[in-house]
Amino acid sequence: MDGNNRANIMRGIHVLIVQKQDQRTEKLTEGFVKDILTNSPTHPHGIKVRLESGIVGRVKRILS
């Protein structure tokens, strides 16, 4: 599943995100969602989340 639809994302799921500084290289960071920061139902670049580690980025792939 992709991370462009807010309905696909909930707290505690395992995701891959891209951080702002990694957007050019598309370097992905793995973690578990703590907070969903995007309010709109969809976003073309991915829903913005905060991981349990505190890292903020946009969801590129949902792992579980």
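Two strands count as paired if DSSP finds at least two bridges between them. With that in hand, let us walk through this predicted model, beginning with its sheet.

**The barrel**

Four strands close into a barrel in the order S1-S2-S3-S4, with antiparallel pairing. Direction ignored, neighbouring strands of this sheet are turned by 75° against each other on average. The table lists three of the pairings, each with a residue pair to look up in the structure.

| Strands | Sense | Bridges | Facing residues |
|---|---|---|---|
| S1 and S2 | antiparallel | five bridges | Ile17 and Thr29 |
| S2 and S3 | antiparallel | three bridges | Asp35 and Arg50 |
| S3 and S4 | antiparallel | three bridges | Arg50 and Val56 |

Arginine 50 is a handy landmark in S3: aspartate 35 stands opposite this arginine, and in S4 its bridge partner is valine 56. S3 and S4 also form a hairpin, with four residues between the two strands. Have a look at glycine 54 in that turn, where phi is positive at about 95°.

**Inside the barrel strands**

Now to the side chains. Ten residues make up the largest nonpolar core: Ile9, Ile13, Val15, Ile17, Val33, Ile47, Val49, Leu51, Val59 and Ile62. At least two residues of this core come from each of strand S1 (14–18), strand S3 (48–51) and strand S4 (56–62).

Strand S3 shows two faces. Val49 and Leu51 lie on its covered face, while Lys48 and Arg50 lie on the uncovered one. Both Val49 and Leu51 are members of the core, and Arg50 is the residue already met opposite Asp35.

Isoleucine 13, another core member, is worth selecting in your viewer. Setting aside neighbours within four places in sequence, isoleucine 13 is in contact with Asn8, Gly31, Phe32, Val33, Ile62 and Ser64. Two of these partners, Val33 and Ile62, belong to the core as well. Strand S2 spans residues 28–36.

**A loop residue**

Where does glutamine 23 sit? Its place is in the loop between S1 and S2, the two strands that pair over five bridges. Is glutamine 23 buried, partly exposed or exposed? Buried means under 20% relative accessible area and exposed means over 50%, so glutamine 23, at 37% relative accessibility, counts as partly exposed. Asparagine 8, one of the contacts of isoleucine 13, gives a useful reference point for this loop residue. Glutamine 23 and asparagine 8 are 15 residues apart along the chain, and their C-alpha atoms are separated by 22 Å.

Note on methods: Residues are numbered from 1 along each chain as its sequence is written. This is a predicted model: local features need pLDDT of at least 70, side-chain atom pairs count only at pLDDT 80 or more; totals for chains, interfaces and linings use all residues. Side-chain values use heavy atoms; hydrogens and water are left out. A nonpolar core is a set of buried Ala, Val, Leu, Ile, Met, Phe, Trp, Tyr and Cys residues joined through side-chain atoms within 4.5 Å. Buried means under 20% relative accessible area, exposed over 50%, partly exposed in between (1.4 Å probe, protein chains only). Contact means heavy atoms within 4.5 Å. Axes are lines fitted to C-alpha atoms, for helices over the stretch in contact, and angles run from 0 to 180 degrees between N-to-C directions.
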